[in-house]
Amino acid sequence: MNDSSQKTETMPRLKGIRRKAISLSQERLVTAEPLLPEKVLPLLVQPTVTGLSLVGWAEQQREWVQTQLLCHGAILFHNFHVNGVTDFEQCVTALSGGALEYRFRASPRTQVGANVYTATDYPPDQSIFPHNEHAYSPVFPLQLFFYCAVPAQNGGETPIGDTREVHRNIDPEIKRRFLKKQILYVRNYGDGFGLPWPTVFQTEDRSQVEAYCRSVGIEVEWKTGNRLRTRQVGPAVMRHPRTQEPIWFNHGTFFHVSTLEPTIREALLKEFSEEDLPQNTYYGDGQPIEPDVLEQLRSIYQEAMVVFPWQQGDVLLLDNMLTLHGRRPYSGPRKILVAMAEACRGADLRLAAEEV
């Protein structure tokens with residue numbers, strides 16, 4: 001667990017929000033306080049009465065939840081009565097208005113309900129580097145929900161981190177460079193590694209793929225053997241749609257080949273030329289991102305992370321722009337479900353270089 005005690009700045013518009021233990025006046029049904037005294041996130045919300053339905057409570061307290069989410073970035077609902085996929089779906093609807101379809105995919109998942117999926121289906125011995133969900137995508141979810149159906153016997157935590165802290169700790173010159181140049185994402189599909197393009201785009205119709213990519217500014221290149229390469233340039237920093245603060249929000253580090261675990265990276269570089277890697281990133285002008293910059297970014301991401309154990313029935317709500325998440329290796333059965341909500345278009349949230 002990260003021992004950093006650096007305090008997170010309070011947004012001016014949220015100065016009135018208390019960060020100490022809170023009890024709602026309405027029948028004092030829950031208590032709320034930071035899970036870790038030295039960290040802003042996550043806020044731990046627990047019922048004071050046995051068998052309290054998270055769905056029923058959330059329907060009455062949605063505005064309070066959303067206010068706390070902007071302050072803390074993550075809320076862990078613990079010890080509520082949440083039993084299975086249907087209950088989880090109803091929680092997502094009660095708190096957000098409904099789950100989104102997982103489109104323009106980047107990781108293997110299994111659909112288990114109406115827009116409810118398993119967390120990334122990577123082998124249990126692999127970790128997943130911290131990232132904001134879909135930060136590479138022209139359209140991304142503002143909110144992310146996790147549900148613990150079965151906690152792992154060992155490990156398998158979902159570390160989370162404060163993106164505001166990440167943004168503060170990045171060298172201003174690096175931020176200015178990325179703001180000016182932006183980030184180029186290059187992805188290849190159908191080469192034997194990563195997801196095939198029909199899975200990514202949820203269609204086998206090339207014209208539909210081309211239409212979607214054209215609508216969001218993605219360049220399409222069809223290769224031989226029904227393979228596909230896409231290129232897109234996206235921002236490194238965006239303005240949060242509610243707080244209006246600049247947020248470091250991108251997949252520049254996560255998608256870069258140097259961030260992969262060494263054995264996987266070596267296997268890919270042996271098998272593919274750089275332009276044919278399943279995914280990689282560059283500055284928006286196509287120039288390589290310097291190794292020392294990537295290493296600094298990886299270190300800042302990791303230092304921001306908070307780790308806590310899953311317990312069966314837990315629901316974790318993230319503001320996807322304000323909070324990173326990852327995964328630790330595990331052993332034994334593990335079933336964590338995910339839903340995404342509230343679509344945002346990155347083009348609506350871009351900043352100019354002089355704004356940071």
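1. Let me start with Asn 115, which counts as partly exposed at 21% relative accessibility. That figure sits just past the cut-off, since buried means under 20% relative accessible area. Bear in mind that this is a predicted model. Asn 115 lies in the loop that runs between β5 (111–113) and β6 (116–118). Its phi is positive, near 60°, and the residue is not a glycine, which makes it a good place to begin checking the backbone.

2. Which other residue has a positive phi although it is not a glycine? Glu 342 does, at about 60°. Here the setting is strand β21 (residues 335–345), whereas Asn 115 belongs to a loop. With a relative accessibility of 26%, Glu 342 counts as partly exposed.

3. While you are looking at the backbone, please visit Pro 42. The peptide bond leading into it from Leu 41 is cis, and its omega is near -5°. Pro 42 is found in the loop between β2 (30–34) and β3 (43–47). Leu 41 will come up again below, as one of the contacts of Thr 323.

4. Now to a sheet. It is open and has four strands, ordered β7-β19-β10-β17, with antiparallel pairing. Its edges are β7 (128–131) and β17 (305–306); each has a single partner strand, so one side of each has no neighbour in the sheet. Helix α8 (residues 291–303) packs on this sheet and touches β7, β17 and β19 (323–327). The direction of α8 makes about 85° with that of β7. As for the pairing at one edge, strand β10 (residues 160–162) and β17 run antiparallel and are joined by two bridges. Gly 161 has Met 305 of β17 opposite it.

5. Thr 323 deserves a closer look. This residue belongs to strand β19 and is buried, its relative accessible area being 0%. What does Thr 323 contact, leaving aside its neighbours within four places in sequence? The list is Leu 41, Gly 73, Ala 74, Asn 132, Ile 160, Gly 161, Thr 163 and Leu 318. With Gly 73 there is also a polar detail: the Thr 323 side chain reaches the backbone oxygen of that glycine at 2.6 Å. Asn 250, which is 73 residues apart from Thr 323 along the chain, has its C-alpha atom 12 Å from that of Thr 323.

6. Helix α6 (residues 206–216) shows a clear pattern of burial. Its buried residues are Val 209, Tyr 212, Cys 213 and Val 216. Viewed down the α6 axis they fall within an arc of 95°, so they line one face of the helix. Among the elements covering them are β8 (139–150), α5 (197–201), β12, β13 and β21. After α6 comes Gly 217, with a positive phi near 80°.

7. Two of those covering strands form a hairpin. Strands β12 (residues 219–223) and β13 (residues 227–234) are paired antiparallel over five bridges, and Glu 221 faces Arg 229 in β13. Three residues lie between the strands of this hairpin, and Gly 225 adopts a positive phi near 75° there.

8. How many aromatic pairs does a search of the whole structure find? The count is 17. One that I would inspect is Phe 88 with Tyr 147, a stacked pair with 5.4 Å between centres and 20° between planes. Because Phe 88 is in helix α2 (residues 85–96) and Tyr 147 in strand β8, the pair ties together parts that are 59 residues apart in sequence. Phe 88 is buried at 0% relative accessible area, and Tyr 147 counts as buried too, at 4%. Elsewhere, Trp 57, Trp 64, Phe 77 and Phe 80 are linked into a cluster by ring pairs.

9. A last stop: is Pro 288 buried or exposed? It counts as exposed, at 55% relative accessibility. Pro 288 sits in the loop between β16 (279–283) and α8. Not counting residues up to four places away in sequence, Pro 288 touches Tyr 282 and Tyr 283. Leu 184 is 104 residues apart from Pro 288 in sequence, with 9.7 Å between their C-alpha atoms.

How values were computed
Residues are numbered from 1 along each chain as its sequence is written. This is a predicted model: local features need pLDDT of at least 70, side-chain atom pairs count only at pLDDT 80 or more; totals for chains, interfaces and linings use all residues. Side-chain values use heavy atoms; hydrogens and water are left out. Two strands pair if DSSP finds at least two bridges between them. Contact means heavy atoms within 4.5 Å. Axes are lines fitted to C-alpha atoms, for helices over the stretch in contact, and angles run from 0 to 180 degrees between N-to-C directions. Buried means under 20% relative accessible area, exposed over 50%, partly exposed in between (1.4 Å probe, protein chains only). The arc is that of the directions from the helix axis to the C-beta atoms. A polar contact is a pair of N or O atoms within 3.5 Å; within protein, one must be able to donate a hydrogen and the other to accept it, and residues adjacent in sequence count only if both atoms are side-chain atoms. Rings of Phe, Tyr and Trp (its six-membered ring) pair if their centres lie within 6.5 Å; planes under 30 degrees apart count as stacked, over 60 as edge-to-face and the rest as tilted.
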